[in-house]
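Student: I have a model open in front of me and would like a close look at a single part of it. Could you walk me through that part and then show me how it sits in the rest?

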Amino acid sequence: MQLRRHGLQLLVLLMTLTATVPLSSADITCPPINSGTVLSSTVTPPPRTFNPSPTLSSLTPPSLPNNAACMGKSSLPDLVTDKNAVLLGFKDRSEASSVTIGEPFKLYQVDLLDLRRFNPTTDNVKDLLKLNTSLLIYPLLTKRPGDGLMTRSALVVSELKDKTWRPTNWGLAQLAQAMAKYRGREGYASGIIVWIPSLNLHFLGNKPDDNEDIKEDLMLIPLANRLAYGIEEGKEILAKTVFTFYAREANTLNENEPG
Amino acid sequence: MKPPRLTYLLVSFLLLSFSDGWAQQTDKVVEIKEVLDLFGPDPLTWPVQHGDRWCWAASAEIIMSSHGHTSWKQCIQADDAHPGKKWPRTCCDYPYAPACNRTGWPHFEYYGFDYNRTAEPLTWGELTNQIDQGLPVAVAVQYMDPGNPGISRGGHMGVVAGYTVLPDGELKILIVDPDGFHGGMWALYDDVFGNSSNTVRHWRTYYDIRPFP
């Protein structure tokens, strides 16, 4: 009788432990990866439930972004040390072993030359935004006592010139945390990032529906302060206004030097 | 005799715990070489850009500070890199003045440093040799439009402060971005120093950066 009661308690404990970090439907679930293995690139997955039966393969790079993200996650414990953990957004090395991958952010890029030509009275905002189809940013979340499951860091996966998708960057902690923070605002859930690489500017865009086109009244949330133009992190601003300000800056930018 | 159910449960639990599916890369150690200690114990206190366009000056400040030369603030570098302005008197007064908040290249020689620079990407051996010597490296990448790679779209500079080789043989570098919101990141060596990326390509590297003897 005593044994039976202890057995029941253990079962309840196990069920509690496995249920304490529930994944939302938007989280990316990776299959367990054994040491030295990589995911196959040959399985075409349905959305969000990719590569349901991973197989051992040779060192074949994955062809799909979600698989690349899972590969990136599996590399993370190798890349985070106690020395670099804070720099990469983690509390310590062990936290990097318990990340959950969130739903990715898409990137719309604004080209320097297009921005220079932008005229708010005649040009459309949406014509300035080009979807970067070779890059996705996945938030990396962990659970900490006190603040629960939150974004700490990010993983970038890219389609390289050889047409394979690979994890290419791990870290970008502050940017990742800002992206996740403002994604919670109404209208920003679909997670589009508007990036002006030449000016090192990042915004979250309010494209409420994945299937919806970019609208002329697109609103942006700056993900960092840009005090020269009165742009403050988190303060929503009309995309047309941003592009009008920065068209001037783009025209004075020396593209032959970094900045 | 009744079966000892608790024992069964415990044994099953232990077996599950040590099965392959739960084992996470415990049998290999990946060596990471990094020089982050040179920048100080807390990344939140490392120099960050004081002007939107000052990645080049902030990268130089991080590196010169790592040698104990902490006087060469970004605004001083901007004054020296862009002389002849009428206002402000110094960029330390107003970093966001158009005459100050400008792109540029580091001038380590102005501040008592020897260095080399190259538009050719460092080989893996050359790069890792720098880190092994405790020398961080400043690297700039250029943004590009794959459809029109001949035209520069500007670029960005950061500091390479570490490296590793993963078990699958992939070469990775640890970059400190001075812009104040990217923080640090691991990147593919081939993305920054090679030719694999659709988005960026290597632009210029400053290395062998040491104070004059």
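How many residues does the contact take from chain A, and how many from chain B?

Tutor: Happy to help. Please keep in mind that this is a predicted model. The predictor gives the complex an ipTM of 0.85 and a pTM of 0.83. The contact you ask about takes 55 residues from chain A and 58 residues from chain B. On the side of chain A that touches chain B, the elements that give two or more residues are α1 (2-19), α2, β3 (129-144), β4 (148-159), β5 (165-171) and α5 (173-183) of chain A. Of these, α1(A) gives the most, with five residues. Sorted by kind, the residues on that side of chain A are 24 nonpolar, 22 polar and nine charged.

Two of those elements reward a second look. The first is β5(A), which runs antiparallel to strand β6 (residues 184-188) of chain B and is joined to that strand by three bridges. You can find the place by looking for A:Asn169, which stands opposite B:Ala187 in β6(B). The second is helix α2 (residues 65-79) of chain A, with 15 residues. From its first C-alpha to its last, α2(A) reaches 20 Å, close to the 21 Å expected at 1.5 Å a residue. This helix is mostly covered, with 14 of its 15 residues buried.

From the contact, let us turn to the interior. In soluble globular proteins, nonpolar side chains tend to be buried together. Here the largest nonpolar core has 117 residues, and A:Tyr138 and A:Ile193 have the most contacts inside it. The element that gives the most to this core belongs to chain B: helix α2 (residues 55-66), with eight residues. If you centre your view on A:Ile193 and leave aside its neighbours within four places in sequence, you will find it in contact with A:Phe105, A:Lys106, A:Leu107, A:Tyr108, A:Ile137, A:Met179, A:His202 and A:Leu204.

Two of those partners, A:His202 and A:Leu204, point the same way from β7(A), while A:Leu201, A:Phe203 and A:Gly205 point the other way. Strand β7 (residues 201-205) of chain A is largely enclosed by the rest of the structure, because five of its five residues are buried. β7(A) pairs in the antiparallel sense with strand β6 (residues 192-196) of chain A, over five bridges. Within that pairing, A:Ile196 has A:Leu201 as its bridge partner. β6(A) and β7(A) form a hairpin with four residues between them, and A:Asn200 in the turn has a positive phi of about 55°. β7(A) also pairs in the antiparallel sense with strand β8 (residues 219-222) of chain A, over three bridges; there, A:Gly205 stands opposite A:Leu220.

Finally, here is the partner chain. Chain B has five helices and seven strands, and 45% of its 213 residues count as buried. One exposed residue is B:Pro83, which counts as such because it has 6 C-beta neighbours inside 10 Å. B:Pro83 sits in the loop between α3 (74-81) and β2 (113-118) of chain B. Its C-alpha atom is separated by 9.6 Å from that of B:Cys100, 17 residues apart along the chain.

A word on confidence before you go. Chain B averages a pLDDT of 89, and 87% of the residues score at least 70. Over residues 13-26 of chain B, however, pLDDT stays under 50. Where pLDDT is low, the predicted coordinates should not be read in detail.

Note on methods. Residues numbered from 1 in each chain as written. Chains lettered and ligands numbered in written order. Predicted model: local features only at pLDDT ≥ 70, side-chain atom pairs only at ≥ 80, totals over all residues. Expected span 1.5 Å × (residues − 1). Buried ≥ 20, exposed ≤ 12 C-beta atoms within 10 Å, placed from the backbone. Contact = placed C-beta atoms within 7 Å. Nonpolar A, V, L, I, M, F, W, Y, C, P; charged D, E, K, R; others polar. Pairing = 2+ DSSP bridges. Core = buried A, V, L, I, M, F, W, Y, C linked by C-beta atoms within 7 Å. pLDDT = per-residue confidence, 0-100.
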